[in-house]
Amino acid sequence: MRSDEQYFKFETKVTFDTRELYDQCGIVMHMNENTWLKASVERENDEFAHFGSVATNHGYSDWACTEVAASVKEVWYRMTRRKDDFLLEYSMDGKHYAVLRMCHMWDCDKEVSFGFYACSPRESSFTAVFTEMNYEVLSESDVVL
């Protein structure tokens, strides 16, 4: 999806069954190859996965992560935009959200592409089903980062 709204919220739920190292699914905001942002669950092994987020500005990326049990197979994500600032959150129940990352995206254009993604960098195969998608335009006073 694309939006030029400076204040918005995007939410989705994903149910997944990752199988191989680095299988991942989540949400993404993309400007170009040098400016993008994502949040996901990424499989490590049979014991744990990572809730992770990557912010890429001017072609430089950083990855922030925390461990989560490999038994987690369903997550809600929320991305909130306030001009060039973004808030990424996750929830296990769709009601109570925790912060994954707050960040500033340099040289962020007015219009951004955003949505969900699933990938398997090691060429495996897994299922990721995205449901309960919601896009909402907000007012400046609705967004507190």
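**Exercise 1. Find how strand 3 (residues 24-32) and strand 10 pair, and over how many bridges.**

Step 1. Strand 3 and strand 10 run antiparallel and share seven bridges. Strands are DSSP runs (E, at least two residues), numbered from the N terminus. Two strands pair if DSSP finds at least two bridges between them.

Step 2. Pick one bridge: M29 has F114 in strand 10 as its partner.

Step 3. Place the pair in its sheet. The sheet is open, with six strands in the order 1-10-3-4-5-6 and antiparallel pairing. Strand 1 (2-3) and strand 6 (60-69) are the edges; each has a single partner strand, so one side of each lacks a neighbour in the sheet.

The model is predicted: local features need pLDDT of at least 70, side-chain atom pairs pLDDT 80 or more, while totals for chains, interfaces and linings use all residues. Numbering starts from 1 along each chain as its sequence is written, and side-chain values use heavy atoms, without hydrogens or water.

**Exercise 2. Classify the ring pair F10 and F114.**

Step 1. Apply the cut-offs. Rings of Phe, Tyr and Trp (its six-membered ring) pair with centres within 6.5 Å; planes under 30 degrees apart are stacked, over 60 edge-to-face, the rest tilted. The whole structure holds six aromatic pairs.

Step 2. F10 and F114 lie 5.3 Å centre to centre with 65° between the planes: edge-to-face.

Step 3. Locate the partners. F10 is in strand 2 (residues 7-17) and F114 in strand 10 (residues 112-119), so the pair ties together parts 104 residues apart in sequence.

Step 4. Check burial. Both F10 and F114 are buried (under 20% relative accessible area; exposed is over 50%, partly exposed in between; 1.4 Å probe, protein chains only).

Step 5. Widen the view. Ring pairs join F8, F10, F114 and Y135 into a cluster.

**Exercise 3. Compare F116 with F130: which is buried, which partly exposed?**

Step 1. F116 has a relative accessible area of 37%, so F116 is partly exposed.

Step 2. F130 has 14% relative accessibility, so F130 is buried.

Step 3. Now the geometry. The ring centres of F116 and F130 are 4.2 Å apart and the planes are at 20°, so this pair is stacked. The pair links F116 in strand 10 to F130 in strand 11 (residues 127-137), 14 residues apart.

**Exercise 4. Find where the charged end of R78 sits.**

Step 1. Set the test: NZ of Lys or CZ of Arg within 6 Å of the ring centre and within 35 degrees of the ring normal.

Step 2. The charged end of R78 sits over the ring of Y97, 3.7 Å from its centre.

Terms used. Helices (H or I, at least four residues) and strands (E, at least two) are DSSP runs, numbered from the N terminus.
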